[in-house]
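Trainee: I should like to learn how features of a protein model with bound DNA are read. May we work through one case together?

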Amino acid sequence: MRLATWNVNSINARIETVIAWFRETQPDVACLQELKCVDEKFPFEAFEAFGYNVAVHGQKTYNGVALLSKQPLEDIRSGLPDGEGDDHARYIEAVVSGPRPIRVASIYLPNGNPIGTPKFDYKLAWMDRLQRHAAALLAYEEPLALMGDFNVIPEEMDADKPQSWADDALFQPQSRAAFRRLKNIGLTDAYMQIDGSPGGYTFWDYQAGAWQRNHGIRIDHALLSPQAADRLKGVAIHKDVRSWEKPSDHVPFVIELDL
DNA sequence: ATGGTAGACCTTCTA
């Protein structure tokens, strides 16, 4: 079973690129982030034509997440618990049905920049909420994949120029510690389990020729419960997609599970 | 030295 996560940076601006990639990769499940549209503006038909079931948690202009699956989606939940006062559409989860069901979440974790502002506090509070919810899901002791744009550079090896991220919310010690705490409740970083080599970047900024200079970072992750990690067979970063026409600044990250 | 691009949308915000 092939599961993908991809921050598309506007689904409607990216639809031709995204469809071209779906044709080529045929993922069983895809987690999309940064749709930048409300539910009604999501291009359902383009994906339903491929036989995908779609669950969308959209928002005007900013954020927005979706789950696409060839198998039916059940128990669809939008938003993290304890979300009063939080109107950002950054989380959707569902159970992908089948002989061996798996719960999958599409996550767009807050960026948090600039540091020293309420935006950074919001990031850390959101990570705390995510950890508490993930702990509750782990108690089911079932296959679970938390996939998305976590907006955290876990280690120095996950950035081409770590120094240039020193003052950035994505590489703050507090952000990295919160990401470690999340993993330490019992989640496995799929990339590190299978590959783990430096340079496995998933994002290159549009600015300052970051792609041409390979100034990338690894911020798109898949965190797996033990029941999913035990069935992890492969990971792949679709780096070449960054060089396609009208690319997102993120590329797809794909994991293969023996489910 | 603080550059540079992309998307949504109306003027600036977010990334």
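The dialogue below takes up a helix, its salt bridges, a DNA strand and one proline in turn.

Mentor: Please bear in mind throughout that this is a predicted model.

Trainee: Let us begin with helix α3: how far apart are its end C-alpha atoms, and what span should its 21 residues have?

Mentor: The general idea is to multiply a rise of 1.5 Å by one less than the number of residues. Helix α3 covers residues 118-138, so its 21 residues should span 30 Å; the end C-alpha atoms are 30 Å apart, in agreement with that expectation.

Trainee: Which residues of α3 are buried?

Mentor: An α-helix has 3.6 residues a turn, so residues three or four places apart point the same way. With that in mind, consider the list: the buried residues of α3 include Phe120, Lys123, Trp126, Met127, Leu130, His133, Ala134, Leu137 and Leu138. Arg129 and Gln131 are also buried.

Trainee: What covers the buried residues of α3?

Mentor: The cover includes four strands, β5 (73-78), β6 (91-96), β7 (102-108) and β8 (144-149). Helices α4 (173-184) and α6 (226-229) also contribute to it.

Trainee: Turning to charged side chains, how many salt bridges are found in the whole structure?

Mentor: The search returns 12. When reading one, it helps to ask about the distance, the exposure of each partner and the place of each in the chain. Asp75 offers a good case: its side chain meets that of Arg77 at 3.1 Å, N to O. Arg103 also forms a salt bridge with Asp75, with the closest N and O atoms 3.1 Å apart. This second pair links distant parts of the chain, since Arg103 belongs to strand β7 and Asp75 to strand β5, 28 residues apart.

Trainee: Are Asp75, Arg77 and Arg103 buried or exposed?

Mentor: The cut-off for buried is under 20% relative accessible area. Arg103, at 9%, therefore counts as buried. Asp75 is partly exposed at 40%, and Arg77 is partly exposed at 27%.

Trainee: Where do Arg218 and Asp189 lie, the partners of another salt bridge?

Mentor: Their side chains meet at 3.2 Å, N to O. Arg218 lies in the loop between β11 (216-217) and β12 (220-224), and Asp189 in strand β9 (residues 188-189), so the pair ties together parts 29 residues apart in sequence. Both residues are buried. Elsewhere, salt bridges with shared partners join Asp75, Arg77, Glu93 and Arg103 into one network.

Trainee: Which residues are closest to DNA strand B?

Mentor: Of the 15 residues that surround DNA strand B, the closest are Ser10, Arg14, Thr61, Lys119 and Gln207. Sugar and phosphate make up 64% of the strand's atoms that come within 4 Å of the protein. By class, the surface near the strand has 6 charged, 5 nonpolar and 4 polar residues.

Trainee: Which parts of DNA strand B do the side chains of Arg14, Lys60 and Gln207 approach?

Mentor: One reads the atom on each side of the pair. A side-chain N or O atom of Arg14 is 3.1 Å from a phosphate oxygen, and a polar side-chain atom of Lys60 lies 3.4 Å from a phosphate oxygen. For Gln207, the partner is a base nitrogen, 3.1 Å from a polar side-chain atom.

Trainee: Finally, where is Pro110 found, and what is it in contact with?

Mentor: Pro110 is in the loop between β7 and α3. Its relative accessible area is 2%, so Pro110 is buried. Leaving aside neighbours within four places in sequence, Pro110 is in contact with Arg90, Tyr122, Lys123, Trp126 and Asn151.

Terms used. Residues numbered from 1 in each chain as written. Chains lettered and ligands numbered in written order. Predicted model: local features only at pLDDT ≥ 70, side-chain atom pairs only at ≥ 80, totals over all residues. Heavy atoms only, no water. Helix = DSSP H or I, 4+ residues; strand = E, 2+ residues; numbered from the N terminus. Buried < 20%, exposed > 50% of the residue type's maximum accessible area, 1.4 Å probe, protein only. Contact = heavy atoms within 4.5 Å. Salt bridge = Lys/Arg side-chain N within 4 Å of Asp/Glu carboxyl O. Near = heavy atom within 4 Å. Polar contact = N/O pair within 3.5 Å; in protein donor to acceptor, adjacent residues only side chain to side chain. Nonpolar A, V, L, I, M, F, W, Y, C, P; charged D, E, K, R; others polar.
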